[in-house]
Amino acid sequence: MLEIFERRNLLETETNPGIQFDYVVTLQSELGGAQNVFPARLTLRYIPDRLILKPACLATYFQEIETIVFDNLEQAAVLLMEDFNNELVPRWINMRLNKHTADNASVQHHEATMEDRQPRWHNARLLERLERY
């Protein structure tokens, strides 16, 4: 398992080509790994500021995430959110991690959704237009 800075360095970024605009980037992926948390679907939506994420880097990053033992889905969601937020420093970010179980478990769906934004950023019209999960 990599140290936090090595793990976060796997999240490669590049300059936002449209820094003058508020626009939403959406990325989705399936994560494998520890059975108590994964497999799960990750949906990441963010409004970039100075940087955008290079989607091609996510495969390597997720391989590292899958080696980490989490106590629960919420712990995994917090770690992912902290990593994405730290590396992108977006104007707004929303991340959803959800797990569906097909076995005889009492809970068939478990989800953690997190959101953050820069202190003085607000674009209610854009956020209202986003499709709800």
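This report describes charged pairs, one lysine and some aromatic rings in a predicted model.

## Salt bridges between separate parts of the chain

Side chains of opposite charge can pair when their charged atoms come close. In this model the count comes to 7 salt bridges, and three of the pairs are described here one by one.

One of them joins aspartate 83 to arginine 7, with 2.6 Å between the closest N and O atoms. Aspartate 83 belongs to helix 3 (residues 73-88) and arginine 7 to helix 1 (residues 4-9), so this salt bridge ties together parts of the chain that are 76 residues apart in sequence. Aspartate 83 has a relative accessible area of 0% and is therefore buried, and arginine 7, with a relative accessible area of 6%, is buried as well.

Another salt bridge is formed by arginine 91 and aspartate 22, whose closest N and O atoms are 2.5 Å apart. Arginine 91 sits in the loop between helix 3 and strand 5 (92-100), while aspartate 22 sits in the loop between strand 1 (13-15) and strand 2 (25-31), so the pair connects parts that are 69 residues apart in sequence. The two partners can be described separately: arginine 91 counts as buried because its relative accessibility is 9%, below the 20% limit, whereas aspartate 22, at 28% relative accessibility, counts as partly exposed.

## A pair between strands, and a network

The side chains of arginine 41 and glutamate 30 also meet in a salt bridge, with a distance of 2.8 Å from N to O. This pair links distant parts of the chain, since arginine 41 is in strand 3 (residues 40-47) and glutamate 30 is in strand 2, 11 residues apart. Arginine 41 counts as partly exposed at 30% relative accessibility, and glutamate 30 is partly exposed too, with a relative accessible area of 48%.

Salt bridges can also share partners, and in this way Arg7, Arg8 and Asp83 are joined into one network.

## The surroundings of lysine 99

Lysine 99 is found in strand 5, and at 11% relative accessibility this lysine counts as buried. A polar atom of the lysine 99 side chain lies 3.3 Å from the backbone oxygen of phenylalanine 38.

When residues up to four places away in sequence are not counted, lysine 99 touches Gln35, Asn36, Val37, Phe38, Pro39, Ala40, Leu73, Gln108, His109 and His110. Phenylalanine 38, which appears among these contacts, returns in the next section as a member of an aromatic pair.

## Aromatic rings

The structure holds 3 aromatic pairs. One of them is formed by phenylalanine 38 and phenylalanine 70, whose ring centres are 6.0 Å apart and whose planes stand at 85° to each other, an arrangement described as edge-to-face. The pair links distant parts of the chain, because phenylalanine 38 is in the loop between strand 2 and strand 3 and phenylalanine 70 is in the loop between helix 2 (58-65) and helix 3, 32 residues apart. Both phenylalanine 38 and phenylalanine 70 are buried.

For tyrosine 61 and phenylalanine 84, the ring centres are 5.7 Å apart and the planes meet at 55°, so this pair is tilted. Tyrosine 61 lies in helix 2 and phenylalanine 84 in helix 3, which means that the pair ties together parts that are 23 residues apart in sequence. Tyrosine 61 and phenylalanine 84 are both buried, and together with Phe62 they form one aromatic cluster.

How values were computed. Residues are numbered from 1 along each chain as its sequence is written. This is a predicted model: local features need pLDDT of at least 70, side-chain atom pairs count only at pLDDT 80 or more; totals for chains, interfaces and linings use all residues. Side-chain values use heavy atoms; hydrogens and water are left out. A salt bridge is a side-chain nitrogen of Lys or Arg within 4 Å of a carboxyl oxygen of Asp or Glu. Helices (H or I, at least four residues) and strands (E, at least two) are DSSP runs, numbered from the N terminus. Buried means under 20% relative accessible area, exposed over 50%, partly exposed in between (1.4 Å probe, protein chains only). A polar contact is a pair of N or O atoms within 3.5 Å; within protein, one must be able to donate a hydrogen and the other to accept it, and residues adjacent in sequence count only if both atoms are side-chain atoms. Contact means heavy atoms within 4.5 Å. Rings of Phe, Tyr and Trp (its six-membered ring) pair if their centres lie within 6.5 Å; planes under 30 degrees apart count as stacked, over 60 as edge-to-face and the rest as tilted.
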